[in-house]
Amino acid sequence: QVTLVESGGGLVQAGDSLRLSCAASGRTFRNSAMGWFRQAPGTEREFVAAISWSGGTTYYATSVKGRFTISRDNAKNTGYLQMNSLKPEDTAVYYCATKGGSTSSRQEGYDYWGQGTQVTVSS
């Protein structure tokens, strides 16, 4: 069983930065691809970024490419999402998730999900 816990969210101003962390329990993390998703009020949950188990492959949503960076430290069983140049439209609950197999931007296939952490960006 795998448990994921996000942290690092908060209230910031436009242009500021935040780094989210995703702490994973269990010993399957090193063989799992990881993704970040977000859900704003009144919207469907959407893809943000994903990274392969080795960190060699990364995918980003167009809306965050160039501003966000996904990374992982398998020795610490932790994934990260560095968010720079934050915009009010980045306001959402951010979720991390893991899956076996190939890196993917699709929610389907991800096996484990965290509880989410709130990111609020004021203008």
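Start by selecting Asp90 and Arg67: both residues are buried. You are looking at a predicted model, so keep that in mind as you click along.

**Stop 1: the charged cluster**

Show the side chains of Asp90 and Arg67, and you will find them meeting in a salt bridge, with 2.8 Å from N to O. Asp90 sits in the loop between β8 and β9, while Arg67 sits in the loop between β6 (58-60) and β7, so this pair ties together parts of the chain that are 23 residues apart in sequence. How accessible is Asp90? Its relative accessibility is 1%, and because buried means under 20%, Asp90 counts as buried.

Now add Arg38 to the selection. Its side chain also forms a salt bridge with Asp90, at 2.9 Å from N to O. This pair links distant parts of the chain, with Arg38 in strand β4 (residues 33-39) and Asp90 in the loop between β8 (78-83) and β9, 52 residues apart. Arg38 is buried too, with a relative accessible area of 5%.

Next, bring in Glu46. The side chains of Arg38 and Glu46 meet in a salt bridge of 2.8 Å, N to O. Glu46 is partly exposed, at 37% relative accessible area. With these four residues on screen, you can trace one network: Arg38, Glu46, Arg67 and Asp90 are joined by salt bridges that share partners. The count of salt bridges comes to three.

**Stop 2: Arg72**

Move on to strand β7 (residues 68-73) and pick Arg72. Which side chain of opposite charge is nearest to Arg72? That is Asp73, 8.4 Å away, and Arg72 has no salt bridge although it is buried. Look for polar partners instead. The Arg72 side chain reaches the backbone oxygen of Ser32 at 2.7 Å, and a polar contact of 2.8 Å joins it to the side chain of Asn74.

To see the surroundings, leave out residues up to four places away in sequence; Arg72 then touches a list of residues including Phe29, Met34, Ile51, Trp53 and Tyr80. Ser32, whose backbone oxygen you have just visited, is among the residues touched as well.

**Stop 3: Asn77**

Select Asn77 in the loop between β7 and β8. Is Asn77 buried or partly exposed? It is partly exposed, with a relative accessible area of 25%. Setting aside residues up to four places away in sequence, Asn77 touches Cys22, Ala23, Ala24, Gly26 and Phe29. Phe29 may look familiar, since Arg72 touches it too.

Before leaving, draw a distance from Asn77 to Thr91: the two are 14 residues apart in sequence, and their C-alpha atoms are 26 Å apart in space.

**Stop 4: strand β11**

Finish with strand β11 (residues 117-122), and colour its side chains by the face they point to. Thr117, Val119 and Val121 point to one face and are buried. On the other face you will find Gln118, Thr120 and Ser122, which are not buried.

Then add the neighbouring strands. Strand β2 (residues 10-13) pairs with β11 in the parallel sense, over four bridges. One place to check this is Gln13, whose bridge partner in β11 is Ser122. Strand β9 (residues 92-99) runs antiparallel to β11, and three bridges join the two. Here, pick Ala92 and look across to Val119 in β11, which stands opposite.

Note on methods:
Residues numbered from 1 in each chain as written. Predicted model: local features only at pLDDT ≥ 70, side-chain atom pairs only at ≥ 80, totals over all residues. Heavy atoms only, no water. Buried < 20%, exposed > 50% of the residue type's maximum accessible area, 1.4 Å probe, protein only. Pairing = 2+ DSSP bridges. Lys, Arg positive; Asp, Glu negative; His and termini not counted. Polar contact = N/O pair within 3.5 Å; in protein donor to acceptor, adjacent residues only side chain to side chain. Contact = heavy atoms within 4.5 Å.
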